[in-house]
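Me: I have a structure open and want to go through it piece by piece. Can you take some questions?
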Amino acid sequence: MKPACVGCHEDVQLPFEFKMAFQPIVDLTAQQVWGYEALVRGVNGEPAQSILSQVNDDIRYRFDQASRVMAIETAGALFAGRDLRLSINFMPNAVYEPSACIQKSLAAAKRAQFPHRNLMFEFTENERMTDPAHVQRIVDAYRTFGFWTALDDFGAGYAGLGLLARWQPDLIKVDMELLRDIHLSRAKQAIIAGIVGIARTLDIEVLAEGVENEQELAVLRAAGISLFQGYHFAKPTLMALPEVSVISENTSFHVAV
């Protein structure tokens, strides 16, 4: 018998509709798209906050389930059998029992013929975690299912070295504020070098998110980072995969979707 989730109420309807936008994650070492992050948007492309601001405790679990399912089913159609990872955001307090709450996602992956081992779940915590043991159970369960786990916004708020010491995810996404104008800041360059060194020792991938220009990219490449995401490569596209173009001093390739 599959575990039951007491929080995933089937009869609770969402008071709004939403869609997904997809932004590429680029591997510059391999010179190819590594995967895509699914981002919540309004039905006409309104920013994520227009939707997230309507999510309260009564519908939090239903929304979490619905957004995961939409992301997986849409990606299954858009990826068309390509070996790409799909990154989905979630908040730890939107999960009651990890093995139960993931069943809808697994069912969606099966329907969409999407390999569930290509799923990556990003977790972040803008406020201090009140139940670290619960987050540990989620991470452990997701690893058992073969998912990737990622720590988002690394270096911002409470998503820092304390969390990394407690949980070693498969990937960390360095917060864009640490990367902004990094070519002008020795301090930021030193911090990124330290993060890359720690991650390499712990066998964790590093992704630089929010990269906007060639100057930032050059410094981050020199620091040893291969995975990138940001407007420099492509903006999120509503219910579609955007074209990706990369032209730099040492790299030039184009991916048309």
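Reply: Yes; what follows goes from the whole chain to single strands, helices and residues, and the model is a predicted one.

Me: Start broad. How many helices and strands does the chain have?
Reply: The secondary structure comes to nine helices and eleven strands.

Me: And what share of the residues counts as buried?
Reply: The chain has 257 residues, and 49% of them count as buried. Its exposed area is about 12,500 Å², with carbon and sulfur atoms supplying 50% of that.

Me: What about contacts, how many join residues at least 24 apart?
Reply: The figure is 67%, taken among contacts between residues at least 6 apart in sequence.

Me: Now strand 7. Is it mostly covered or mostly open?
Reply: Mostly covered. Strand 7 runs over residues 205-209, and four of its five residues are buried.

Me: Which strands does strand 7 pair with?
Reply: Strand 6, residues 171-174, pairs with strand 7 in the parallel sense over four bridges. Strand 8, residues 227-229, also pairs with strand 7 in the parallel sense, over three bridges.

Me: Which residues stand opposite each other there?
Reply: Leu 207 in strand 7 has Lys 173 opposite. For strand 8, Phe 228 stands opposite Ala 208.

Me: What unit do strand 7, helix 9 and strand 8 make?
Reply: A right-handed β-α-β unit, with helix 9 covering residues 214-222.

Me: While we're at helix 9, is Gln 215 buried, exposed or partly exposed?
Reply: Gln 215, which lies in helix 9, is partly exposed at a relative accessible area of 43%. Its C-alpha atom is separated by 9.1 Å from that of Leu 184, and the two residues are 31 apart along the chain.

Me: Change of topic. How many salt bridges turn up in the whole structure?
Reply: A search finds eight. One of them joins the side chains of Arg 60 and Asp 57, at 2.8 Å from N to O. Arg 60 is partly exposed at 24% relative accessibility, and Asp 57 is exposed at 57%.

Me: What about Arg 68, which residue does it form a salt bridge with?
Reply: Asp 64, with the closest N and O atoms 3.0 Å apart. Both residues sit in helix 2, residues 60-79, and are four residues apart, about one turn of the helix.

Me: Are Arg 68 and Asp 64 buried or exposed?
Reply: Both are buried, so each has under 20% relative accessible area.

Me: Where does Glu 73 go?
Reply: The side chain of Glu 73 meets that of Arg 111 in a salt bridge of 2.6 Å, N to O. Glu 73 is in helix 2 and Arg 111 in helix 4, residues 103-112, so this pair ties together parts that are 38 residues apart in sequence. Glu 73 is partly exposed at 33%, while Arg 111 is exposed at 52%.

Me: Which residues do shared salt-bridge partners join into one network?
Reply: Glu 37, Glu 122, Lys 173 and Glu 209. Lys 173 came up above as the residue opposite Leu 207 in strand 7.

Me: Back to helix 4. Which of its residues are buried?
Reply: Ser 105, Ala 108, Ala 109 and Ala 112. Viewed down the helix axis they fall within an arc of 100°, so they line one face of helix 4.

Me: What is on the other side, and what covers the buried residues?
Reply: Lys 110 and Arg 111 are exposed on the other side. The cover over the buried residues includes helix 2.

Me: Last topic, backbone. Where is phi positive?
Reply: Among the cases is Gln 113, just after helix 4, with a phi of about 55°. Gln 31 has a positive phi of about 55° and is not a glycine; this residue is in the loop between strand 1 and strand 2. Asp 203 has a phi near 60° and lies in the loop between helix 8 and strand 7.

Me: Why single those out?
Reply: Because most residues other than glycine have a negative phi.

Me: Are Gln 31 and Asp 203 exposed or partly exposed?
Reply: Gln 31 is partly exposed at 39% relative accessibility. Asp 203 is exposed, at 70%.

Note on methods. Residues numbered from 1 in each chain as written. Predicted model: local features only at pLDDT ≥ 70, side-chain atom pairs only at ≥ 80, totals over all residues. Heavy atoms only, no water. Buried < 20%, exposed > 50% of the residue type's maximum accessible area, 1.4 Å probe, protein only. Helix = DSSP H or I, 4+ residues; strand = E, 2+ residues; numbered from the N terminus. Pairing = 2+ DSSP bridges. Right-handed = clockwise from strand over helix to strand, strands pointing away. Salt bridge = Lys/Arg side-chain N within 4 Å of Asp/Glu carboxyl O. Contact = heavy atoms within 4.5 Å. Areas by Shrake-Rupley, 256 points an atom, 1.4 Å probe, with all protein chains shown as cover. Arc of directions from axis to C-beta.
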